[in-house]
Amino acid sequence: MKIKKTRGEQIFDVVNVIIMALVAAIMILPMIHVFSVSFSEGSESLKGGFFFYPHGFNTNGYETVFKDPLLLRSYGNTIIYVIGNTVCTLLFTSLTAYPLSVPGFRLKVPVTIFLTITMFISGGTIPTYMLMRKLHLINTVWVMMIPFCVGAYNVILFRTFFTGIPAALREAAIIDGASEFTVLFKMIFPLSKAIFATIGLFTLVGKWNDWFSALIYLNNESMYPLQMILRKILFNTDLSMKELDPATRAMFINNEVTAQNIKMAAIVVTTVPILCIYPFIQKYFVKGVFVGTIKG
C-alpha cells in the first residue's frame, strides 16, 4: 500500500533534491570544463570562459602529455605505490583492530587510548622526515607504501565492524581447534568485504592523489608518482620552448596547442583511471560507509 506523504514531507523532498542537484552541479561542472578544454582547439582555449563542450576538436594536448618520457614511468610508480600502500593499510589495520574486538583482551583499553591520542597529536613534518631518514627509507619505494598505513580512525572503523560480527562464530571456531589467525583470515575477513572495500577505496584515492610525500621523501625524479608529474605540468605556466620537441614547438607557435590544453589533458589523464575503479566497488562502499551507525 502506498503511503501518502504529508505536505511537509513533500516540501522536504523537493528541497533535498534541489540541494543535491546543486552539490552535484558543483562537482560535475568543473570536470566538464576540464574535459572540454582538453579537447578544444588551441586558439579557442585562449579565449577563456567556461566550456560546456569542446570548441573544435583536437588531441594535441594529450599527444604532448604522453610525449613526456616521465609520464609512463610515473604511471607505473603510482600503480606500485597505490597497490602496496592499500595492501599494507588493509592488512596492518585489520591485524591491529581484530584484537581490540575480541572480548577479554586485556590491553584493549590502553591500546585504544594510545590510538586515540595519535588522532590529536602528531610528531610534525620535520621529526617525521628525520625518522624516515634514520630508518633509511628516504628515496625508496617503501617510504611511499609503509609509513602512515595504520591510522587510528581506520582502526576504530575496523574494530567497530568486527565487533558487529556475532561472537558465537569465533567461539565455535576456537572450540573446534581453530587458531586466532585461522578465525581472522578464514572467517572474519570473508565477512568483512564492505569495510575492506570502503577503507581500501579511501586509501587508494588518497595515495593516488598524494604528491606531498613524494615532494618530501623522494629526490630521484624517475621515482616520482603521477601526481608529481601533474604538479610539474600545472606549475610550469610558461612551458619553456627549450623543453619542447620541434613538432610540439611548431604547434605552440601556430596555437594548435596551448598550455591550457596540456594542463587540462594532464588532469584528465591522471583522474580518469581512479574514476573507473569506483563503480566496481560501489555496492561494498555504500555498506561500509554506515559502519557503526545502526545497532540492532
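The lining of the largest pocket in this predicted model is an even split between two kinds of residue, with 13 nonpolar and 13 polar, plus 2 charged ones to round things off. Altogether, 28 residues line the largest pocket, and its volume comes out at about 750 Å³. Nearest the pocket's centre sit Pro-147, Phe-148, Cys-149, Val-150 and Gly-151.

Several helices chip in to build this lining. Those giving two or more residues are H4 (69-101), H5 (108-118), H6 (125-134), H7, H10 and H11 (212-217). The largest share comes from H11, which supplies 4 residues.

Two of these pocket-lining helices, H7 and H10, also meet each other. The axes of H7 (residues 152-164) and H10 (residues 193-208) come within 10 Å and cross at roughly 165°. An angle over 145 degrees counts as roughly antiparallel, so H7 and H10 are roughly antiparallel to each other. As for handedness, the crossing of H7 and H10 is right-handed.

Who does the touching? On the H7 side, the contact is made by Asn-154, Leu-157, Phe-158 and Phe-161. On the H10 side, the partners are Ala-194, Ile-195, Phe-196 and Ile-199. Sorted by type, the residues of the contact of H7 with H10 come to 7 nonpolar and 1 polar, with no charged residue among them. The lining of the largest pocket, by comparison, includes 2 charged residues.

Definitions and conventions:
Residues are numbered from 1 along each chain as its sequence is written. This is a predicted model: local features need pLDDT of at least 70, side-chain atom pairs count only at pLDDT 80 or more; totals for chains, interfaces and linings use all residues. Side-chain values use heavy atoms; hydrogens and water are left out. Axes are lines fitted to C-alpha atoms, for helices over the stretch in contact, and angles run from 0 to 180 degrees between N-to-C directions. Angles under 35 degrees count as roughly parallel, over 145 as roughly antiparallel, 65 to 115 as roughly perpendicular and the rest as oblique. A crossing is left-handed if the near helix is turned anticlockwise from the far one by less than a right angle, and right-handed if clockwise. Contact means heavy atoms within 4.5 Å. Ala, Val, Leu, Ile, Met, Phe, Trp, Tyr, Cys and Pro count as nonpolar, Asp, Glu, Lys and Arg as charged, and the others, Gly among them, as polar. On a 1 Å grid over the protein atoms alone, a cavity is a set of points where a 1.4 Å probe fits but cannot get out, and a pocket is an open set with protein on both sides within 12 Å along at least five of seven lines; lining residues have an atom within 4 Å of a point. Grid points are joined across faces, edges and corners, and a volume is the space filled by probe spheres set on the points.
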